[in-house]
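The following exercises invite the reader to examine how the parts of a model meet. Each task is followed by a worked solution.

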2 protein chains.
Amino acid sequence: MSLPLRQKQEHTLFYSSLCPFSRKIRLQLAEKKMMWRAFEERLFAPSEKLCSLNPEGTTPVLVMGGDVLVKSYAIQEYIEERVPDFSLLGDKPSARGEVRRLLSWFDEKLFYEVTQKFLNEKVIKRSRGNCEPDASVLRQARQALYEHMDYIGWLFDRRSWLAGSQLTLADLAAAAQLSCIDYLGDVSWDKYPSTKEWFVKMKSRPSFRPLLMESFVGIIPSRTYRMLDF
Amino acid sequence: MSLPLRQKQEHTLFYSSLCPFSRKIRLQLAEKKMMWRAFEERLFAPSEKLCSLNPEGTTPVLVMGGDVLVKSYAIQEYIEERVPDFSLLGDKPSARGEVRRLLSWFDEKLFYEVTQKFLNEKVIKRSRGNCEPDASVLRQARQALYEHMDYIGWLFDRRSWLAGSQLTLADLAAAAQLSCIDYLGDVSWDKYPSTKEWFVKMKSRPSFRPLLMESFVGIIPSRTYRMLDF
């Protein structure tokens with residue numbers, strides 16, 4: 001008799017610590033109580049092993065049951081299909097539609113408008129030497145961030161979780177992006193009480209603990225990053 | 001007895017003519033032999049009706065079986081779930097993983113690096129008045145386009161279709177982006193014979209015909225746009 005998929009230890013995830021898409025998949029695997037081996041990759045400096053699996057050199061990459069999955073959209077849907085007993089996409093077609101709408105929103109809009117800008121200015125430039133962050137880009141990103149925090153709070157005022165009455169991938173995607181931003185900067189949480197309340201709820205989940213324990217080489221996390229009550 | 005989903009006429013798609021994501025969904029609906037009513041929206045000038053369904057004001061939006069679907073990721077997965085008898089995602093989990101990897105590639109990378117730049121410079125600026133396209137942005141977009149055309153040709157040299165041995169959403173997504181670009185510019189097709197061969201095959205499908213017949217107000221399509229043998 002073979003072990004069920006979630007107990008197999010040969011699943012392997014290649015991730016980067018501050019990659020929000022890696023964080024989303026790590027949260028998904030943990031929420032599904034899957035076990036996996038993790039290979040940490042340096043952000044934007046892929047290893048040979050990673051490139052042999054994904055010539056694009058991006059994280060996350062999941063190797064599971066002999067299949068190699070690249071891009072978080074492919075990975076998250078694959079995990080949902082292979083381990084369907086506890087759905088993070090919702091049960092009804094319309095509910096899944098709302099989850100996927102929000103996944104597009106957070107993975108694209110929030111990422112390109114905010115997270116990518118913070119990562120570029122505060123991590124990538126730093127890793128390349130003496131280039132200073134561009135204050136006007138950071139100001140722009142911060143402005144967009146507060147619009148997204150408004151929207152997250154608006155959703156949470158109306159629902160138990162962002163996409164409806166249950167925890168879904170939409171919560172994991174938003175929390176993954178916000179946790180990267182929170183690591184790198186001083187987010188004005190107190191101005192967005194609903195968003196803060198939702199984020200406290202997310203941070204308190206056991207799936208979140210490994211992310212909160214993490215340190216990114218050379219960059220100290222913000223004052224609020226590890227605190228559950230901030 | 002109720003009609004099967006594909007024969008119901010009350011499905012409604014809100015689309016914009018040169019929106020590549022609308023094109024992808026129109027191709028998907030046509031390949032599935034679905035019937036639907038179409039509401040044309042002006043690119044980046046959403047109607048009140050569209051905004052009442054999708055406050056973000058973006059196309060495509062699909063109303064199907066009482067559900068409102070927003071964002072092409074949500075729409076394409078919804079259609080695949082509701083009309084599963086002829087899959088455009090592939091049958092095996094690993095095949096679906098490859099299709100979704102390519103969907104991410106074309107819908108994000110090809111879009112942001114190329115299609116969005118062409119649309120901004122050649123359509124949006126034009127609609128706002130006397131602002132000329134920025135030649136350096138167009139040059140950048142053209143350079144990126146040729147890398148994508150190389151990649152599409154590379155895939156097609158190894159496979160019958162872009163993601164494997166059958167037509168999938170990956171082909172529709174790539175063709176949707178390329179058809180918008182082809183409408184707006186002079187693509188050097190002859191330099192990329194494999195990509196051209198694949199695109200001729202795509203353009204010859206009945207699902208493609210309505211796109212080729214289309215005219216975008218005030219902008220004449222390129223010389224090659226309507227030709228099946230160019």
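**Exercise 1: The interface of the two chains**

Between chain B and chain A an area of about 2200 Å² is buried, 60% of it from carbon and sulfur atoms. Buried area is the accessible area (1.4 Å probe) that two parts lose on being put together, summed over both. The model is a predicted one, in which local features need pLDDT of at least 70 and side-chain atom pairs count only at pLDDT 80 or more, while totals for chains, interfaces and linings use all residues. Residues are numbered from 1 along each chain as its sequence is written, chains are lettered from A and ligands numbered from 1 in the order in which they are written, and side-chain values use heavy atoms, with hydrogens and water left out.

Task: Determine which elements and residues of chain B form the side that touches chain A.

Solution.

Step 1. Count the residues. Chain B and chain A bring 24 residues each to the contact, where contact means heavy atoms within 4.5 Å.

Step 2. Find the main contributors to the area. B:Tyr73, B:Glu81 and B:Arg100 provide 28% of what chain B buries against chain A, more than any other three residues.

Step 3. Count the polar links. There are 6 salt bridges between chain B and chain A; a salt bridge is a side-chain nitrogen of Lys or Arg within 4 Å of a carboxyl oxygen of Asp or Glu. In one salt bridge, B:Glu81 pairs with A:Arg100, with the closest N and O atoms 3.2 Å apart.

Step 4. Assign the elements. At least two residues each come from β4 (67-70), α3 (72-82) and α4 (93-127) of chain B. Helices (H or I, at least four residues) and strands (E, at least two) are DSSP runs, numbered from the N terminus. The element that gives the most to this side is α4(B), with 12 residues.

Step 5. Sort by class. The side of chain B that touches chain A holds 9 nonpolar, 4 polar and 11 charged residues. Here Ala, Val, Leu, Ile, Met, Phe, Trp, Tyr, Cys and Pro count as nonpolar, Asp, Glu, Lys and Arg as charged, and the others, Gly among them, as polar.

**Exercise 2: The relation of the copies**

Task: By what turn and shift can chain B be laid on chain A?

Solution.

Step 1. Superpose the chains by least squares on the C-alpha atoms of residues with pLDDT of at least 70 in both. A turn of 180° and a shift of 0.0 Å along the axis lay chain B on chain A with an RMSD of 0.0 Å. The two copies are therefore related as by a two-fold rotation axis.

Step 2. Locate the axis. B:Glu108 is the residue of chain B that comes closest to the rotation axis, at 4.2 Å (C-alpha).

Step 3. Compare the surfaces. Because 100% of the interface residues of chain B are also interface residues in chain A, the copies meet through the same surface.

**Exercise 3: The two domains of chain A**

Task: Describe how domain 1 of chain A meets domain 2 of chain A.

Solution.

Step 1. Set the bounds. Domain 1 of chain A covers 11-82 and domain 2 covers 93-213, as given by an automatic or database domain assignment. Their C-alpha centres lie 20 Å apart. Domain 1 of chain A gives 17 residues to the contact and domain 2 of chain A gives 23.

Step 2. State the area. About 1800 Å² is buried between the domains, with carbon and sulfur atoms giving 72%. A:Leu18, A:Arg23 and A:Leu27 supply 34% of the area that domain 1 buries against domain 2, more than any other three residues.

Step 3. Count the salt bridges. The two domains share 3 salt bridges. The side chains of A:Arg100 and A:Glu77 form a salt bridge (2.9 Å, N to O).

Step 4. Assign the elements. On the side of domain 1 that touches domain 2, α1 (20-31) and α3 (72-82) of chain A give two or more residues. The largest share, 9 residues, comes from α1(A).

**Exercise 4: A loop of chain A**

Task: Where does A:Pro60 lie, and which peptide bond leads to A:Pro60?

Solution.

Step 1. A:Pro60 is in the loop between α2 and β3 of chain A.

Step 2. The peptide bond from A:Thr59 to A:Pro60 is cis, with omega near 0°.
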